[in-house]
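Welcome, and thanks for taking a look. Here is a short briefing to help you find your way around.

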Amino acid sequence: MNDTYLHKLADLDRLVHEPARLLILAYLSIVSEADFLFLLHETGLTRGNLSSHLSKLEEAGYVTIEKGYIGRKPHTLCKLTAAGRDALQTYRQMLKQALDL
Amino acid sequence: MKNQVDLRSLTQRLHRHFYLDGVVEGLAGLWLLMMSGYFLISLNIEGTLYFFYPLLLISLPLLLGPVTQAIKTHVTFPRIGYAKLPPPPAQGKRLRIAAILVGIGIILGLILDLFGTAQPGGAASNATGWLSLLPVLIGIAAAAGFFYTAVRHAITRFYLLGLFILLAAALSNSLTGEILPRLVIFMALAGSILLLSGLFTFISFLRRYPVDESEMEYHVS
């Protein structure tokens, strides 16, 4: 392992490092947009967990959340922002360099 | 929670998500059966039904485009959610469109050629030798599409569908007689296989994923 990079592990973005949020960001990075239900099915998180993690990611500016309705049913659409994409990319690079992946 | 974060497998899952409901293959099968029915009627009824032919050709992009989208919007997305795939890179997109257009052109050209040369009663008056291979050519093209999708997105049932379509093409090619009846048999077999697979997958999908009515409670705030 590279010591210089290994020390940088302490600087990892904790918001991205959390496994559930990392999974959400990874899914949003491969789609243009996805709704709440899609993320719920694909991540396997509970509704409350997913909702909480999305809120944190939105607060950090990593995802945008559009709330609307389809018919009478609420619909929540999520998109990764440029900042979110950069954060995920930086996280991947740091982890790769530190662990010689 | 699903812990694996592998972008390649996530992308495969995303594409599988699109075929999870069986709508695309079911509608493709329905179209093949309609084509088969058209040729069957034109074999047995004197006179012209030619005006139906362009309608049938136009109905394919309609079935796989707006009709599929409408079914997914009203049936699929309320059950498993909605995700939009990113647009392919510009160069790849151009190549893909060119390949699809060439493929469609070849198949339509072959069908139109057959249409122009066929006579009532099933005889192909001046059909060339290669034209008699039409069911096989269509079968190979369709099976290649299924095999490609199966390999690329790891969709197991598409291997079986590709195999069944090849078998249907081989069977219709092994029969003797005029080309139109053989084409009718091929389209009926391939269409039935696709329609049955699509229906079975669709019914399983409806049972497995009931409509989710509870997003309201967890509407992200």
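What follows is a guided tour, chain by chain and then contact by contact. Please keep in mind that this is a predicted model.

**Getting to know chain A**

- The secondary structure of chain A consists of six helices and three strands.
- If you walk from the N terminus onward, the elements of chain A come in the order α-α-α-β-α-α-β-β-α.
- Along the principal axes, the C-alpha atoms of chain A fill a box of roughly 55 × 25 × 20 Å.
- Chain A has 101 residues, and 48% of them count as buried.
- Taking the contacts in chain A between residues at least 6 apart in sequence, 55% join residues at least 24 apart.

**Where two helices of chain A meet**

- Start with helix 3 (residues 19-29) and helix 4 (residues 36-43) of chain A, whose axes come within 11 Å and cross at roughly 120 degrees.
- Because of that angle, helix 3 of chain A is oblique to helix 4 of chain A.
- The crossing of helix 3 of chain A past helix 4 of chain A is right-handed.
- On the side of helix 3 of chain A, the contact is made by A:Leu23, A:Ile24, A:Tyr27 and A:Leu28. On the side of helix 4 of chain A, the partners are A:Phe38, A:Leu39, A:Glu42 and A:Thr43.
- Sorted by class, this contact of helix 3 with helix 4 of chain A has six nonpolar, one polar and one charged residues.
- Another residue to find in helix 3 of chain A is A:Ala26. Is A:Ala26 buried or exposed? With a relative accessibility of 1%, A:Ala26 counts as buried.
- From A:Ala26 to A:Phe38 there are twelve residues in sequence, and the two lie 13 Å apart in space, C-alpha to C-alpha.

**Getting to know chain B**

- Chain B has seven helices and one strand.
- Along the sequence, the pattern of chain B reads α-α-α-β-α-α-α-α.
- Chain B has 221 residues, of which 36% count as buried.
- Of the contacts in chain B between residues at least 6 apart in sequence, 71% join residues at least 24 apart.

**Helix 5 and helix 7 of chain B**

- The axes of helix 5 of chain B and helix 7 (residues 179-208) of chain B come within 9 Å, crossing at roughly 20 degrees.
- This angle makes helix 5 of chain B roughly parallel to helix 7 of chain B.
- Helix 5 of chain B and helix 7 of chain B have a right-handed crossing.
- Which residues of helix 5 of chain B meet helix 7 of chain B? They are B:Leu134, B:Pro135, B:Ile138, B:Gly139 and B:Phe146. Facing them from helix 7 of chain B are B:Ile179, B:Arg182, B:Leu183, B:Phe186 and B:Leu194.
- By class, the contact of helix 5 with helix 7 of chain B has eight nonpolar, one polar and one charged residues.

**Aromatic rings**

- How many aromatic pairs are there over all chains? The count comes to nine.
- One of these is the pair of B:Phe146 and B:Phe158, an edge-to-face arrangement with 5.1 Å centre to centre and 85 degrees between the planes.
- B:Phe146 belongs to helix 5 (residues 134-153) of chain B and B:Phe158 to helix 6 (residues 156-174) of chain B, so this pair ties together parts that are twelve residues apart in sequence.
- Both rings sit in buried residues: B:Phe146 has a relative accessible area of 13%, and B:Phe158 has one of 4%.
- Next come B:Phe205 and B:Tyr209, whose ring centres are 5.3 Å apart with planes at 45 degrees, so the pair is tilted.
- B:Phe205 counts as buried at 2% relative accessibility, and B:Tyr209 counts as buried at 15%.
- You can also look for a cluster: ring pairs link B:Phe18, B:Tyr19, B:Phe146 and B:Phe158.

**A backbone detail to look for**

- Most residues other than glycine have a negative phi.
- B:Ala154 has a positive phi, near 55 degrees, and is a residue other than glycine.
- To find B:Ala154, go to the loop between helix 5 and helix 6 of chain B.
- B:Ala154 counts as partly exposed, with a relative accessibility of 34%.

Technical notes. Residues numbered from 1 in each chain as written. Chains lettered and ligands numbered in written order. Predicted model: local features only at pLDDT ≥ 70, side-chain atom pairs only at ≥ 80, totals over all residues. Heavy atoms only, no water. Axes fitted to C-alpha atoms, helices over the stretch in contact; angles between N-to-C directions. Helix = DSSP H or I, 4+ residues; strand = E, 2+ residues; numbered from the N terminus. Parallel < 35°, antiparallel > 145°, perpendicular 65-115°, else oblique. Left-handed = near helix turned anticlockwise from the far one by under 90°. Contact = heavy atoms within 4.5 Å. Nonpolar A, V, L, I, M, F, W, Y, C, P; charged D, E, K, R; others polar. Phe/Tyr/Trp six-rings, centres within 6.5 Å; stacked < 30°, edge-to-face > 60°. Buried < 20%, exposed > 50% of the residue type's maximum accessible area, 1.4 Å probe, protein only.
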